[in-house]
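Open the model in your viewer and keep the sequence panel beside it. The stops below are meant to be selected in order.

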Amino acid sequence: GAVFPVVVSTWPFREAVRAAWEVVSAGDGGGSAVDAVVAGCSACEELRCDGTVGPGGSPDENGETTLDALVMNGVTAVLLTRNWQETMEIGAVAAMRYVKDGIKAARLVMEYSEHTLLVGEKASAFAISMGLPGPTNLSLAESIEKWEKWRQNNCQPNFRKNVVPSGKCGPYRPISLASVTADDSVKREVEESQGGLCQGWYQSDNSLEPTMSHLKVVNRHNHDTISMAVIDKMGHIAVGTSTNGATFKIPGRVGDGPIPGSSSYGDDDVGACGATGDGDIMMRFLPCYQVVESMRRGMEPRDAAMDAISRIARKYPDFVGALFAVNNEGVHAGACHGWTFQYSVRNSSMQDVEVITVYP
Ligand code: SD4
């Protein structure tokens, strides 16, 4: 591979790609792919890329920011370079509170535990016990302001469906799904209970205008996620993802970010993939696993990326999402649905980061 090393990232996160590039292209052999992915995603967390990675972004219904992150070392057994490395090792944290460093926490899970995924406050406790700073408040003036505006807007849009709120912002109680189709009185109850707007009801009734779909919460102005792949000088592959998840999510929600094969996946033998978009839908398809396995069976990155996206679009024509694919020779491509996507690339034949635009 003449183009090694290679760094690929979702969105025009140039500083993140440069940070990863610095590590992986440095001196004798450069840093490892894992080192570079962690440096790149950390840079985004520190810069709060798009205001939706790291602290102070994407408040949940309670106004709290939590982090989802994953790192994967795609090294295969035959290529082990250090005896403590395992093959296809993964570390991830989900709905992590009070710790700013999502990707570093994921790396600690990978390197200092036999587990793959830790969640919530216990993930924070582990990260802090292993040396990361915390507990820290992940809210910033920006996320609080965003949350307050949303409260003023009667907590719309939100991710609830098939519920009756007893106030403008809940608490919510489920409506009987059986009676939704059968009984008009439930419909009236829903409408009367809150002056008309119940997202779930309107979504499930074709005769009414669809209103605040959650697709508007993950949208083109709200990128939310860095997913990155690095191929180091030796041809080793690592991937990582870091995100605040989805704005105004229900507390406890975990997105695709920490789900291996969904937000990202990589295998030295084949290549890698990174995704962004509506994680609640995307995680049902493990699109990055799909991409890597398609490439393993001989598909070009472009075809593999388009195939993974269209498998989702066939079932969810309105979903918003995108991914990039890169094979183990450094050939890359992107595919998207519902929005225009950009991804960033830096390799040894480029002078600086290049941003590639992909249309649906
Ligand atoms: C999530 N995938 O948690 C993230 C959000 C995202 O662009 O990527 N937005 O659903």
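A residue is called buried here if 20 or more other C-beta atoms lie within 10 Å of its own C-beta atom. Keep in mind that the model is predicted.

**Whole chain.** Start with everything shown. The protein has 11 helices and 14 strands, and 54% of its 360 residues count as buried. Among contacts with a separation of 6 or more, 65% are between residues 24 or more positions apart.

**Thr225.** Select Thr225, where UniProt, in an unreviewed entry, places the feature "active site". Thr225 belongs to strand S7, which covers residues 225-231. Is Thr225 buried or exposed? It has 33 other C-beta atoms within 10 Å, and therefore counts as buried. Next, show what Thr225 touches beyond four places away in sequence: Thr10, Val53, Thr241, Thr243, Gly257 and Thr276.

**The ligand.** Now select the ligand and the residues around it. There are 14 of these residues, and Asp224, Thr225, Gly255, Thr276 and Gly279 come nearest. Thr276 is thus on two lists, as a contact of Thr225 and as one of the residues that come nearest to the ligand. Sorted by class, the shell around the ligand consists of 9 polar, 3 charged and 2 nonpolar residues.

**Helix H2.** Move to residues 33-47, helix H2. A length check comes first: at 1.5 Å a residue, the 15 residues of H2 should span 21 Å, and the end C-alpha atoms are 21 Å apart, so the two agree. Colour H2 by burial: 12 of its 15 residues are buried, including Val34, Val37, Gly40 and Cys44. To see what covers H2, add strand S1 (6-10), helix H1 (14-25), strand S2 (67-73), H3, S7 and strand S8 (237-243), against which its buried residues pack. S7 is the strand that holds Thr225. Just after H2, select Arg48, whose phi is positive, near 50 degrees.

**H2 against H3.** Finally, add residues 102-112, helix H3. At what angle do the axes of H2 and H3 cross? They cross at roughly 145 degrees and come within 8 Å. From H2, show Val38, Cys41, Ser42 and Glu45; from H3, show Gly102, Ile103, Lys104 and Arg107, and you have the residues that make the contact. By class, this contact has 3 nonpolar, 3 charged and 2 polar residues. The H2 residues Val38, Cys41, Ser42 and Glu45 are also among the buried ones of that helix.

Note on methods:
Residues are numbered from 1 along each chain as its sequence is written. This is a predicted model: local features need pLDDT of at least 70, side-chain atom pairs count only at pLDDT 80 or more; totals for chains, interfaces and linings use all residues. UniProt positions are given in the numbering used here, feature names are shortened, and annotations may be inferred rather than shown by experiment. Helices (H or I, at least four residues) and strands (E, at least two) are DSSP runs, numbered from the N terminus. Two residues are in contact if their C-beta atoms, placed from the backbone, lie within 7 Å. A residue is near a molecule or strand if its C-beta atom, placed from the backbone, lies within 6 Å of it. Ala, Val, Leu, Ile, Met, Phe, Trp, Tyr, Cys and Pro count as nonpolar, Asp, Glu, Lys and Arg as charged, and the others, Gly among them, as polar. Axes are lines fitted to C-alpha atoms, for helices over the stretch in contact, and angles run from 0 to 180 degrees between N-to-C directions. The expected span of a helix is 1.5 Å times one less than its number of residues.
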